[in-house]
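Consider the structure shown below and work through the exercises that follow it.

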Amino acid sequence: MFAAEFEPAEPNGRRRSPRAPVSLDAKIGRGGLDRALCKVVDISRHGARLQTYSGLRSGSMIWLTLPVVGPVAANVVWADDFVCGCQFQDPIAEDQFNALVEMDQNRNAA
């Protein structure tokens with residue numbers, strides 16, 4: 001089971017946008033096929049850190065289907081066993097980012 005505690009998103013000097021720890025179910029696919037479950041454990045407008053059930057390779061392109069947002073093209077920037085960091089090819093909108101963080105907060109408050 002995956003879990004994350006909420007902390008307010010804080011800017012980091014080397015990041016383009018604030019990131020927030022979350023615990024959201026998502027799906028990974030390549031070219032619209034082979035969808036696999038994953039867990040988003042940290043997200044920003046420009047990327048996410050994922051826990052996966054199968055290894056991904058650094059440099060690969062994936063489709064990450066996020067709740068609220070839908071499919072997002074992303075490049076795997078780094079991968080270590082069943083954790084990886086990906087950068088979205090196009091940043092998600094600020095309202096979508098806020099909705100994902102709020103969704104996680106509401107789920108944890110229930």
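The exercises below move from the overall fold to strand pairing and then to two serine residues.

This is a predicted model, in which local features need pLDDT of at least 70 and side-chain atom pairs count only at pLDDT 80 or more, while totals for chains, interfaces and linings use all residues. Residues are numbered from 1 along each chain as its sequence is written, and side-chain values use heavy atoms, with hydrogens and water left out.

**Exercise 1. Describe the fold of the protein chain.**

Step 1. Helices (H or I, at least four residues) and strands (E, at least two) are DSSP runs, numbered from the N terminus. The protein chain has one helix and six strands.

Step 2. Along the sequence these elements follow the pattern β-β-β-β-β-β-α.

Step 3. Of the 110 residues in the protein chain, 38% are buried, where buried means under 20% relative accessible area, exposed over 50% and partly exposed in between (1.4 Å probe, protein chains only).

**Exercise 2. Determine how strand β6 is paired.**

Step 1. Two strands pair if DSSP finds at least two bridges between them. Strand β3 (residues 47–52) and strand β6 (residues 83–88) run antiparallel and are joined by five bridges. Leucine 50 stands opposite cysteine 84 in β6.

Step 2. Strand β5 (residues 70–80) also runs antiparallel to β6, with six bridges between them. Here asparagine 75 has glutamine 87 of β6 as its bridge partner.

Step 3. The hairpin of β5 and β6 has two residues between the strands, and aspartate 81 takes a positive phi near 55° in this hairpin.

**Exercise 3. Characterise the surroundings of serine 60 and serine 44.**

Step 1. Serine 60 lies in the loop between β3 and β4 (61–66), whereas serine 44 lies in strand β2 (residues 33–44).

Step 2. Serine 60 counts as buried because its relative accessible area is 18%. Serine 44 is likewise classed as buried because its relative accessible area is 9%.

Step 3. A polar contact is a pair of N or O atoms within 3.5 Å; within protein, one must be able to donate a hydrogen and the other to accept it, and residues adjacent in sequence count only if both atoms are side-chain atoms. The side chain of serine 60 reaches the backbone oxygen of arginine 57 at 2.7 Å. For serine 44, a polar side-chain atom lies 3.1 Å from the backbone nitrogen of histidine 46.

Step 4. Contact means heavy atoms within 4.5 Å. Not counting residues up to four places away in sequence, serine 60 touches Ala74, Asn75 and Val76. With the residues up to four places away in sequence again not counted, serine 44 touches Ser17, Pro18, Arg19, Phe88, Ile92 and Phe97.
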